[in-house]
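Let's take a walk through this protein together. Keep the 3D view open and follow along as we go.

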Amino acid sequence: VFVMPPALGYSDVWDMVAWWDEDILQMKLRDEEHDSDYSSFQSILKTYGINKQLAPNWVPSDYTLQSISVQEHSDKERVFYIIFCNSENKPLVFSTTQRNRPVSRSYEKDVHYIETYIVAGNQHYIFTNVNSISVVWYLENYECSLSTNLSLEEVKQMIDSIYERSS
């Protein structure tokens, strides 16, 4: 565990922590993340008064839900995460950031591929980074992203499922 010092803007040395394993490094604000037993990503959004369909309705059947969490930031912006893994422990990570206002943001990509995929009038930017496919898009004041090792066809099927009405 690594802690970020007050000189970086945190009120004390214990506000920001990092943890890692052999595959990932994650930085978190202590006491500002909430994990819960929510049954679906849409249910956690509704808990926070968000009634927009932002999450995919479809994921490949070999992926199972691992966690759903929320990070609340001091500027009243929230980040919602949902993580699925398959039997090979390959992750599929979806996130939505509720923004108070538009902000500039950069995403790391490689030179191999980028596509603008339009569904329901919304632009989704699909690109590759190392061995994964990422998708980013805005829907009103929600910045959404998806990162996975799925095929491009499966990624597009997930995007399409966001806009399908549930029956």
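How many disulfides does a search of the whole structure find? Zero, where a disulfide is a pair of cysteine sulfur atoms within 2.5 Å. Before we go on, a quick note: this is a predicted model, where local features need pLDDT of at least 70 and side-chain atom pairs count only at pLDDT 80 or more, while totals for chains, interfaces and linings use all residues. Residues are numbered from 1 along each chain as its sequence is written, and side-chain values use heavy atoms, with hydrogens and water left out.

Now look at two cysteines. Cys-85 has 9% relative accessibility, so it counts as buried, and Cys-144, at 0%, counts as buried too. (Buried means under 20% relative accessible area, exposed over 50% and partly exposed in between, using a 1.4 Å probe and protein chains only.)

Next, find β8 (114-119) and β9 (122-129). Strands here are DSSP runs of E with at least two residues, numbered from the N terminus. The pair runs antiparallel, joined by six bridges; strands pair if DSSP finds at least two bridges between them. Tyr-117 sits opposite His-124 in β9. Along β8 the side chains alternate: Glu-115, Tyr-117 and Val-119 face one way and are buried, while Ile-114, Thr-116 and Ile-118 point to the other face and are not.

β8 and β9 make a hairpin with two residues between them, and Ala-120 in the turn has a positive phi of about 55 degrees. Most residues other than glycine have a negative phi. Ala-120 counts as exposed because its relative accessibility is 60%.

Glu-140, in the loop between β10 (132-139) and β11 (142-148), also has a positive phi of about 55 degrees, although it isn't a glycine. With 59% relative accessibility, Glu-140 counts as exposed.

Terms used:
Helices (H or I, at least four residues) and strands (E, at least two) are DSSP runs, numbered from the N terminus.
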